[in-house]
Amino acid sequence: MKRILLLTAVVVLTTLAGCNKKKNESSGNEDKPKVDWTKSDNFILVELREAASTLGSDIAGLASFEEDGWEVSAEGSYIHLEKTINKVDVVMNCYFNEDKTVFHTTCALDPTVKGNPIEKLSTVKESVEILSSQFTLPTSDVCDFRLMRYKKITSDSYKTLTSFDESLAKIENEEYNYTFIWADQAAPDFDDYTDGLLVLGTMSGLEMSFAKKSDDGYIITLDVTSKKYN
């Protein structure tokens, strides 16, 4: 599974979710019907549910994953979990705070062969659309859409959009990398969101990234954080 961890590091493509949005900060998606992402059978959202369920757990609380067939190992400040599900290698790393409680979890989905559930771009787009303009963690953290960053694989230049509808419309070409962000407070730029969610644990939310992997489908990277536990 070393290969998967390398891909996780290389492809940091993420969709993030922001919380407690001010009334004058419109995402442009308020009129669309909400779908409860936790009840969706979309493969990406099923695995997001697995990852989000680890928030607030202690080491003993992660034992159920081993009972469900996951390989579980301790790696210093985090617990490493991996399992192949429906032709997709799923790798999760659960990071602990000083009280040994999970506050941040990464989840990488790497399709192994054709015929996997994340082979089609429409599946990826559906997962983003279901998350809609508001994302609520199992910890009750409510997060609003903040921005999406995207670029061509052949380019180092990113472009950023703050409108959910415009961002969703950009998911139309498999030659692009995308990162969506939902977070619980305003921030001036992408790096501040990323630091708050992935490094500092000062924001609650979701970062979701994806990119095309040959003909097998899409590599998805999910990061969920609850500042309540950091």
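User: In this predicted model, which residues have the most contacts inside the largest nonpolar core?
Analyst: A nonpolar core is a set of buried Ala, Val, Leu, Ile, Met, Phe, Trp, Tyr and Cys residues joined through side-chain atoms within 4.5 Å. By that definition, the largest core in this predicted model holds 48 residues. The residues with the most contacts inside this core are W182, F210 and I220.

User: Which element gives the largest share of this core?
Analyst: The core in question is the one with 48 residues. Its largest share amounts to 6 residues, and they come from α2.

User: How many residues are in the other core?
Analyst: This second core lies apart from the largest one. Its members include I181, A187, F190 and Y193, and its size is 8 residues.

User: Is strand β7 largely enclosed or largely open?
Analyst: A residue counts as buried when its relative accessible area is under 20%. Strand β7 covers residues 142-152, and 9 of its 11 residues are buried. The rest of the structure therefore leaves β7 largely enclosed.

User: How many bridges join β7 to strand β9?
Analyst: Strand β9 spans residues 176-183 and runs antiparallel to β7. One of the paired positions is D144, whose partner in β9 is A183. The number of bridges between β7 and β9 is 8.

User: Which residue stands opposite D144 in the pairing of β6 with β7?
Analyst: Strand β6, residues 134-136, pairs with β7 in the antiparallel sense over 3 bridges. The hairpin of these strands has 5 residues between them, and S140 takes a positive phi near 75° there. Opposite D144 of β7 stands Q134.

User: Which residue of β8 is the bridge partner of Y150?
Analyst: A hairpin through 6 residues joins β7 to β8. The strands pair in the antiparallel sense over 3 bridges, with β8 covering residues 159-161. The bridge partner of Y150 is K159.

User: Against which elements do the buried residues of helix α4 pack?
Analyst: Helix α4 runs over residues 121-131, and its buried residues are L121, T123, V124, S127, V128, I130 and L131. An α-helix has 3.6 residues a turn, so residues three or four places apart point the same way. The buried residues of α4 pack against α2, β6, α5, β9, β10 and β11.

User: Which residue just after α4 takes a positive phi?
Analyst: Helix α4 covers residues 121-131. A positive phi of about 55° follows just after α4, at S132.

User: How far apart in sequence are the parts that K213 and D110 tie together?
Analyst: The side chains of K213 and D110 meet in a salt bridge, at 2.8 Å from N to O. K213 lies in strand β10 and D110 in strand β5 (residues 102-111). Both residues are buried. The salt bridge therefore ties together parts whose separation in sequence is 103 residues.

User: Which residue meets E174 in a salt bridge?
Analyst: E174 lies in the loop between α5 and β9, and its partner lies in strand β10. At 41% relative accessibility E174 counts as partly exposed, and the partner also counts as partly exposed, at 21%. The N to O distance is 3.9 Å, and the partner is K212.

User: Does K39 count as buried or exposed?
Analyst: The structure holds 5 salt bridges. K39 forms a salt bridge with D36, their closest N and O atoms being 3.0 Å apart. D36 counts as partly exposed at 37% relative accessibility. K39 has 68% relative accessibility and so counts as exposed.

Conventions: Residues are numbered from 1 along each chain as its sequence is written. This is a predicted model: local features need pLDDT of at least 70, side-chain atom pairs count only at pLDDT 80 or more; totals for chains, interfaces and linings use all residues. Side-chain values use heavy atoms; hydrogens and water are left out. Buried means under 20% relative accessible area, exposed over 50%, partly exposed in between (1.4 Å probe, protein chains only). Helices (H or I, at least four residues) and strands (E, at least two) are DSSP runs, numbered from the N terminus. Two strands pair if DSSP finds at least two bridges between them. Contact means heavy atoms within 4.5 Å. A salt bridge is a side-chain nitrogen of Lys or Arg within 4 Å of a carboxyl oxygen of Asp or Glu.
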